Amino acid sequence: MLWLLMMTMTTHYSKTTSINAYSSDLNVLPGSLHTPSMIVTPDTFTDTIASLPDSPMWIMDVETNGFNPYDMHQICGIGLANVDTEDAYYFPFRHQSEEPNLSQDHLKQLVAFINNTCKTLVGYNVKFDAKFLHNEGINIEAMNLVDVLVMVRMTEPTTINRLSLTDTLVRSYGEEAGAYDLETKKVLKKNKWFRDFSLAPPSVLGPYCIDDVKWTRKVYKDRLRKLELTKQIDLFKFQTKLTKTLYMMERRGVLIDNTYAKQAYDKILTRIDILKGRIYELVGYEFNISSTKQLGETFNAMGVHSPLRTAKGAEAWNEEALVRLNSPLAGLVRQYRALEKIRSTYIEPYLELPVLHTSFNNWGTVTGRLSSSSPNLQNIPRDTVYIEDRQLSESDKADIRDRVAAIVSSKGGNANTELTDDVLDTWSFLGGDKFNAKDTRQIAIRNLFIPRDDYKMIAYDYSQMEVRVFMSYVNNEEMNELMKQDNVDFHGEAAKIAFNVTEDDTQFKFFRQLAKSITFGVIYGIGKDKLALQLNTTPDLAANYKNTYLENMKGSRKFFNSVIRTIKTERQVRNKYGRVYRVPSEFGYKGVNYLIQGTSADIMSERMVVVAEYLKDKKSNLLLQVHDEIICEIHKDEVDEVAPEIRRLMRENTLNIPLEVDMEVCDPSWAVKKDFDDINKFNLE
């Protein structure tokens with residue numbers, strides 16, 4: 001309490017905006033760290049700037065009139081705190097209230113001070129603040145970016161997934177610590193200031209922002225100690241470099257082909273209307289196709305019932321249920337829903353958006369694997385869809401059956417239903433991942449993403465990365481030697497070792513698939529029941545196959561058991577980069593996945609930082625990262641030198657795990673990939 005009292009008493013100024021009626025409740029918030037006299041006014045600005053220490057590290061938080069730094073949204077205030085003192089300040093600039101703002105000249109002076117002193121910017125989800133600060137002239141490119149949110153992710157148990165500042169404060173320091181946030185937001189909502197914070201007066205938003213930077217400072221210091229105790233400092237330093245790399249990627253963004261977006265949008269609308277007509281004709285009346293309730297009633301009226309049930313026991317009419325029905329209506333409804341989602345989620349937002357700036361999150365997953373948002377690039381469909389009917393050959397029919405089975409399998413089920421030809425026709429919209437830009441019947445979402453003029457998009461994709469990482473943990477001599485060779489079929493080799501078969505065996509294909517399912521089953525921690533569904537066998541037989549695999553793949557059972565034992569005794573496990581996963585003993589089986597996926601993720605992140613450093617003085621740029629793939633934008637003048645060098649850098653890693661990288665040219669878009677080694681065909685010069 002003495003420490004808190006000293007913080008709230010610390011002030012250098014007397015001429016400040018008084019708290020008005022809007023924020024009267026905020027003065028008595030338990031746990032609040034704000035001091036209203038630290039809201040800087042035109043009268044106190046000069047003295048404030050003169051009193052600020054010449055520190056290389058500053059904690060900052062911005063308040064804005066919107067959430068998109070690329071769409072005319074601006075800062076209305078900046079919160080500033082030094083790491084080594086207890087003071088914190090709020091500089092209001094664009095509040096739409098009668099209370100005084102600082103001028104644009106004041107803003108220029110503050111920007112100059114930050115640029116002259118700050119070498120490291122600290123923030124909670126720091127890339128968000130950095131983008132707005134960049135727009136005001138702050139030289140973010142010259143600064144390190146320390147994200148306290150990443151520190152929290154690295155020091156929380158794997159069971160924790162709510163990582164906002166308020167959630168972290170409540171979890172770490174009690175409910176009173178987060179009261180200022182909850183109460184201030186009540187005031188903002190009550191006065192309809194919530195979507196545009198500039199509508200709130202500085203006397204309301206200033207104390208709130210000051211608390212944000214002060215609490216961010218406390219969390220930073222506390223989590224830094226935890227990182228030191230868990231020996232993750234080196235990993236965090238590396239993550240700080242990654243944060244800066246991701247920031248640069250996000251600001252660059254990827255170009256959108258708006259012309260193609262409009263063409264695809266119109267084609268899908270036409271197809272949706274056709275599908276509506278067919279569905280209504282088949283049923284005999286109109287209904288809301290998007291309504292699960294009405295869809296179920298329609299199927300039931302036709303004597304069709306779902307093979308699946310919801311958690312509450314009702315009939316399920318989701319994607320998995322529809323693909324299990326040998327029904328033309330099911331196929332047409334699935335096609336309708338798929339095209340509606342593509343229209344609304346993947347095309348409509350890009351009709352007039354010239355450049356896509358996604359957000360990459362190095363705190364978004366427990367394992368350390370990157371996620372992305374606004375949009376989630378990992379959810380962007382890889383496959384094409386057909387928006388016109390097509391005649392299906394026997395090969396096409398077999399392909400569609402495989403695709404339907406894959407959809408069911410991805411949901412944890414097993415497709416036993418034999419689809420008749422008339423039903424297969426309704427599923428003919430399912431295309432593969434080979435997009436033909438000349439085929440007007442096809443639409444591919446990835447065709448929206450194109451290179452800038454004078455650039456080529458080149459994709460670098462790790463081949464069987466997680467399998468290689470798994471084998472490095474297993475440390476099997478045979479597999480270690482195989483990893484040193486080019487173009488190794490690991491699943492085939494695993495089948496030979498685990499099940500003592502050869503490629504000449506009539507059942508080799510079955511055993512290869514078996515080995516593949518078990519390898520990924522071990523990696524992702526699936527149980528015997530789910531494995532049995534994937535293998536189309538009984539749980540007992542699936543367990544027997546898995547036991548045979550673990551016995552014969554020397555080192556695999558030892559690795560698996562050691563992870564379980566370590567978590568049981570130490571409640572944590574550490575990957576090859578030193579990343580710590582705090583896992584409850586009852587979830588020990590997840591530890592294998594954390595280690596393999598986390599190590600793979602850290603390899604990818606390590607290589608992205610190396611590639612970004614290599615490209616620093618080049619015209620070329622690192623653009624996107626999705627799963628085990630990165631997309632680079634290589635300038636035409638640098639293709640011959642830069643493109644193969646990036647592949648070499650991607651193959652390397654500090655763990656010395658042999659990795660293979662496929663390199664392909666995305667021409668004319670991300671949807672069409674061509675082997676880079678056939679470079680002369682693509683006119684890259």
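Which residues does leucine 133 touch, not counting residues up to four places away in sequence? Keep that in mind while you load the model, which is predicted.

**Whole chain**

Start with everything shown. The protein chain has 24 helices and 19 strands. Its radius of gyration is 28 Å, close to the 26 Å that the globule rule gives for 685 residues, so the chain is as compact as a globular protein of that length. Switch to the C-alpha trace. Along its principal axes it spans about 85 × 65 × 60 Å. Colour by accessibility next: 54% of the 685 residues count as buried. Then draw a contact map. Among contacts with a separation of 6 or more, 69% come from residues 24 or more positions apart.

**Stop 1: leucine 133**

Select helix α4, residues 126-135, and find leucine 133 in it. Leucine 133 has a relative accessible area of 0%, so it is buried. Now the opening question. Leucine 133 touches Met60, Val62, Ile75, Ile78, Leu121, Ile138 and Ile140, leaving out residues up to four places away in sequence. For a sense of distance, add glutamate 641, which is 508 residues away along the chain. The two C-alpha atoms are separated by 35 Å.

**Stop 2: strand β1**

Select residues 57-64, strand β1. Of its 8 residues, 7 are buried. Add strand β2, residues 75-82. β1 and β2 run antiparallel and are joined by 7 bridges. Methionine 60 stands opposite leucine 80 of β2. Now add strand β4, residues 120-123. β4 runs parallel to β1, with 3 bridges between them. Here isoleucine 59 has valine 122 of β4 as its bridge partner. Turn the view to see the side chains. In a regular strand the side chains alternate between the two faces of the sheet.

**Stop 3: the nonpolar cores**

In soluble globular proteins, nonpolar side chains tend to be buried together. The largest nonpolar core here has 182 residues. Select Ile279, Phe499 and Ile646, the residues with the most contacts inside it. Apart from that core lies another, of 30 residues. Phe45, Tyr89, Leu102 and Met143 are among its members.

Zoom in on phenylalanine 499. Which residues is phenylalanine 499 in contact with, leaving aside its neighbours within four places in sequence? They are Ala494, Phe511, Leu514, Ala515, Ile518, Tyr545, Thr548 and Tyr549.

**Stop 4: aromatic rings**

Stay at phenylalanine 499. Ring pairs link Phe499, Phe510, Phe511 and Tyr545 into a cluster. A pair of aromatic rings is described by the distance of the centres and the angle of the planes. The structure holds 21 aromatic pairs. Take phenylalanine 510 and phenylalanine 511: their ring centres are 5.2 Å apart and their planes are at 70 degrees, so the pair is edge-to-face. Are these two rings buried or partly exposed? Phenylalanine 510, at 35% relative accessibility, counts as partly exposed. Phenylalanine 511, at 15%, counts as buried.

Two charges over rings come next. Select lysine 189 and phenylalanine 194. The charged end of lysine 189 sits over the ring, 5.2 Å from its centre. Then select arginine 390 with tyrosine 386. The charged end of arginine 390 sits over the tyrosine ring, 3.9 Å from its centre.

**Stop 5: lysine 397**

Move to helix α14, residues 394-410, which contains lysine 397. Is lysine 397 buried or exposed? Its relative accessibility is 11%, so it counts as buried. Show its partners: not counting residues up to four places away in sequence, lysine 397 touches Leu392, Asp421 and Leu424. Aspartate 421 is 24 residues away along the chain, and the C-alpha atoms of lysine 397 and aspartate 421 are separated by 8.0 Å.

**Stop 6: the β16–β17 hairpin**

Finish at strand β16, residues 621-626. Of its 6 residues, 5 are buried. β16 pairs with β17 in the antiparallel sense over 5 bridges. Leucine 624 stands opposite isoleucine 631 of β17. The two strands form a hairpin with 2 residues between them. Check histidine 627 in the turn: its phi is positive, about 55 degrees.

Last selection: histidine 635, in strand β17, residues 629-635. Histidine 635 has 8% relative accessibility, so it counts as buried. Leaving aside its neighbours within four places in sequence, histidine 635 is in contact with Asp454, Tyr455, Lys619 and Ser620.

Key. Residues are numbered from 1 along each chain as its sequence is written. This is a predicted model: local features need pLDDT of at least 70, side-chain atom pairs count only at pLDDT 80 or more; totals for chains, interfaces and linings use all residues. Side-chain values use heavy atoms; hydrogens and water are left out. Rings of Phe, Tyr and Trp (its six-membered ring) pair if their centres lie within 6.5 Å; planes under 30 degrees apart count as stacked, over 60 as edge-to-face and the rest as tilted. Buried means under 20% relative accessible area, exposed over 50%, partly exposed in between (1.4 Å probe, protein chains only). A charge sits over a ring if NZ of Lys or CZ of Arg is within 6 Å of the ring centre and within 35 degrees of the ring normal. Helices (H or I, at least four residues) and strands (E, at least two) are DSSP runs, numbered from the N terminus. Two strands pair if DSSP finds at least two bridges between them. A nonpolar core is a set of buried Ala, Val, Leu, Ile, Met, Phe, Trp, Tyr and Cys residues joined through side-chain atoms within 4.5 Å. Contact means heavy atoms within 4.5 Å. The radius of gyration is taken over C-alpha atoms; the globule rule is 2.2 Å times the number of residues to the power 0.38.
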